[in-house]
Amino acid sequence: MIDRQEDEETPLLQRPERLTPDTPLPWDQFWIILFVQFSDSLVFQTLAPFTPELIRDIGVTHGDESQVGHYVGILQSSYYTAQALTILHWSQLSDHIGRKPLILTALFAIAVSMFSFGLSETFIGLVISRVFCGAFNGSNGVIKSMVMDITDATNLPKAYGYMPLPWMLGTLVGPLVGGSLSRPVDRFPDIFGGSETLKAYPYLLPCAVPAIFASVAWLVTYFRFKETISTRAPLWELIKGWLLRPSYAEPSVPSSNTLASSWVANSEEVLSKPLPLRALLTPKVLTVTASYVTMALFYMAFSSILPVFYATPVKLGGLSLDPPRIGAILAASGFAHGIFQLLFYARLHDRFGAGTIHIAGVGSGVPIVILFPVINALARAYGLGLAVWLCIGIQHSLATSLIMCYPCLALFIRAAAPNRASLGATNGIVQLVVAGARITGPASAASVFSYSMQEGHDAWLVYYFLMAIALIAVGTSLLLPRDPSVWEDRQ
């Protein structure tokens with residue numbers, strides 16, 4: 001009795017020492033997951049450097065520089081709006097038919113939408129391309145479920161230490177591709193000057209790079225990846241089950257033995273089969289969802305403001321940087337973030353716990369926001385000198401702590417899931433709400449930024465907006481325990 005009591009109280013008092021060695025990571029499947037995730041990250045990072053210039057070129061702003069950020073935000077939010085409407089259904093479907101079909105669909109959507117984006121000549125065409133990608137790209141939640149499927153409690157933190165690797169490579173390669181290969185006829189006339197296609201579509205080349213890579217990832221996934229769940233059902237059988245529900249039979253009175261055996265069978269069935277949506281809305285899931293959505297709202301607002309801030313003229317509150325320089329900054333930042341998390345996240349997790357790391361990460365949002373007006377003030381007073389670049393480096397260093405919130409929250413999601421068979425749907429619930437933050441974050445932040453730049457308005461309004469979000473994220477982070485093991489169900 002004493003041993004049992006100590007076992008129940010240990011997670012609340014201290015981090016217990018591991019009695020069993022860590023399970024090795026299944027690299028034969030894990031590397032494919034990283035490979036697939038790289039294709040997803042490459043899309044976002046490739047578009048970021050040249051999107052403001054593209055908005056200017058298609059003429060939707062009619063020469064009004066203050067409206068560039070507004071349309072960039074709309075373009076980014078269109079993807080997340082479409083994703084919000086479908087991600088829960090994709091995640092639930094993956095619990096039934098498997099993860100692999102959903103990943104193949106997502107990679108196909110990435111390839112088609114990126115070619116379409118590069119060939120678009122109107123703002124409506126750009127929005128349609130991003131909406132198509134968002135509607136059919138459910139990989140964001142499914143990949144997280146795949147990692148949880150092939151790991152256990154001993155090696156999951158180590159796996160999430162590697163998860164930023166594809167994002168690091170995407171942040172390193174994507175901005176260089178987007179910043180260097182946009183308008184290739186103007187930048188490299190000796191190489192691309194004779195291409196009429198690239199003259200007509202100056203942003204097709206950088207869009208083709210992630211599209212081709214997604215096609216390669218589709219082939220690798222199709223031929224090499226093994227399904228991670230064993231309880232999958234054929235899609236047609238699942239559709240028939242939804243359409244042809246069984247009729248109600250006349251109830252009968254079972255015996256006590258039948259009740260006992262039925263209770264055992266039902267208990268095993270609940271543990272091995274996906275639960276309905278309502279059964280997943282537990283206090284644990286709602287708590288981690290609230291923390292995730294506020295953190296994601298701040299990060300998406302910050303990420304959408306950053307390239308617009310760099311591209312905006314100094315006199316209007318920005319830094320007047322061109323796309324190649326913006327791409328180089330974002331690439332160096334992404335590389336540094338990924339290396340730090342790869343080398344130190346698992347050690348920091350073992351030392352401090354996921355909850356402490358998460359609180360420190362969202363807390364770094366406060367100085368990140370303060371540095372925006374400081375950087376612009378230094379640029380106005382001294383130009384793009386050492387002080388400006390030093391503050392930019394400090395801001396991106398603080399963002400490293402913010403990015404480490406993502407693997408921490410993934411551990412809390414796994415601990416909050418009612419059973420392993422419902423990991424996909426649990427991830428889908430969280431990603432659905434987070435998609436709402438991704439919709440409102442870029443659009444609202446970019447619009448407030450554009451509004452604050454207009455004459456007669458408070459230039460610091462956008463920073464008040466970001467600071468409010470950062471403080472709310474800090475508040476919700478305090479609702480999480482220090483360690484996800486506190487939430488683990490003991491059965």
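A crossing of two helices is called right-handed if the near helix is turned clockwise from the far one by less than a right angle, and left-handed if anticlockwise. Keep that in mind for this tour of a predicted model.

**Stop 1: the whole chain**

Start with everything shown as a cartoon. You will find 23 helices and 0 strands. Of the 491 residues in the chain, 52% are buried. The chain exposes about 22,500 Å², and 65% of that area comes from carbon and sulfur atoms. Now for the contacts: among those between residues at least 6 apart in sequence, 83% join residues at least 24 apart.

**Stop 2: helices H3 and H5**

Select residues 68–97 for H3 and 123–136 for H5. Their axes come within 7 Å and cross at roughly 25°. Angles under 35 degrees count as roughly parallel, and H3 and H5 are therefore roughly parallel to each other. Which hand does the crossing have? H3 passes H5 in a right-handed crossing.

Next, show the side chains where the two helices touch. On the H3 side, select Tyr71, Ile74, Leu75, Ser78, Tyr79, Ala82, Gln83, Thr86 and Trp90. On the H5 side, select Phe123, Leu126, Val127, Arg130, Val131, Cys133, Gly134, Ala135 and Phe136. Colour this set by class and you should see 13 nonpolar, 4 polar and 1 charged residues.

While you are here, zoom in on Ser78, which is part of H3. Is this serine buried or exposed? Ser78 counts as buried, because its relative accessibility is 10% and the cut-off for buried is under 20%. Leaving out residues up to four places away in sequence, Ser78 touches Val127, Arg130 and Val131. Those three residues also appear on the H5 side of the helix contact.

**Stop 3: the loop before H3**

Step back to the loop between helix H2 (27–58) and H3, and pick His62. This histidine is not a glycine, yet its phi is positive, at about 55°. His62 is exposed, with a relative accessible area of 74%.

**Stop 4: a threonine in H2**

Stay with H2 and select Thr46. With a relative accessible area of 0%, Thr46 is buried. What does Thr46 touch, apart from residues up to four places away in sequence? Its contacts are Gly174, Val177, Gly178, Pro206 and Pro210. Display those five as sticks around Thr46 to see the surroundings of this side chain.

**Stop 5: helices H4 and H6**

Now select residues 100–119 for H4 and 139–150 for H6. The two axes come within 10 Å and cross at roughly 140°. Here H4 passes H6 in a left-handed crossing, whereas the H3 and H5 crossing was right-handed.

To see the contact, show Leu102, Ile103 and Ala106 in H4 together with Ser139, Val142, Ile143 and Met146 in H6. By class, this contact has 6 nonpolar, 1 polar and no charged residues.

**Stop 6: H6 again, with H22**

Keep H6 selected and add H22, residues 423–453. The axes of H6 and H22 come within 9 Å and cross at roughly 145°. H6 passes H22 in a right-handed crossing.

On H6, pick Asn140, Gly141, Lys144, Ser145, Met148 and Asp149. On H22, their partners are Leu423, Gly424, Asn427, Gln431 and Arg438. How many nonpolar, polar and charged residues does this contact have? The contact of H6 with H22 has 2 nonpolar, 6 polar and 3 charged residues.

**Stop 7: the loop between H16 and H17**

Move on to the loop between H16 (283–311) and H17 (323–352), and select Ser320. Ser320 is a residue other than glycine with a positive phi, near 60°. At 42% relative accessibility, Ser320 counts as partly exposed.

**Stop 8: an isoleucine in H20**

Finish in helix H20, residues 386–403, by selecting Ile392. Ile392 is buried, with a relative accessible area of 4%. Beyond its neighbours within four places in sequence, Ile392 is in contact with Tyr310, Leu319, Ile329 and Ile375. For a last distance check, draw a line between the C-alpha atoms of Ile392 and Ile368. These two residues are 24 apart along the chain, and the separation of their C-alpha atoms is 9.7 Å.

Key:
Residues numbered from 1 in each chain as written. Predicted model: local features only at pLDDT ≥ 70, side-chain atom pairs only at ≥ 80, totals over all residues. Heavy atoms only, no water. Axes fitted to C-alpha atoms, helices over the stretch in contact; angles between N-to-C directions. Helix = DSSP H or I, 4+ residues; strand = E, 2+ residues; numbered from the N terminus. Parallel < 35°, antiparallel > 145°, perpendicular 65-115°, else oblique. Contact = heavy atoms within 4.5 Å. Nonpolar A, V, L, I, M, F, W, Y, C, P; charged D, E, K, R; others polar. Buried < 20%, exposed > 50% of the residue type's maximum accessible area, 1.4 Å probe, protein only. Areas by Shrake-Rupley, 256 points an atom, 1.4 Å probe, with all protein chains shown as cover.
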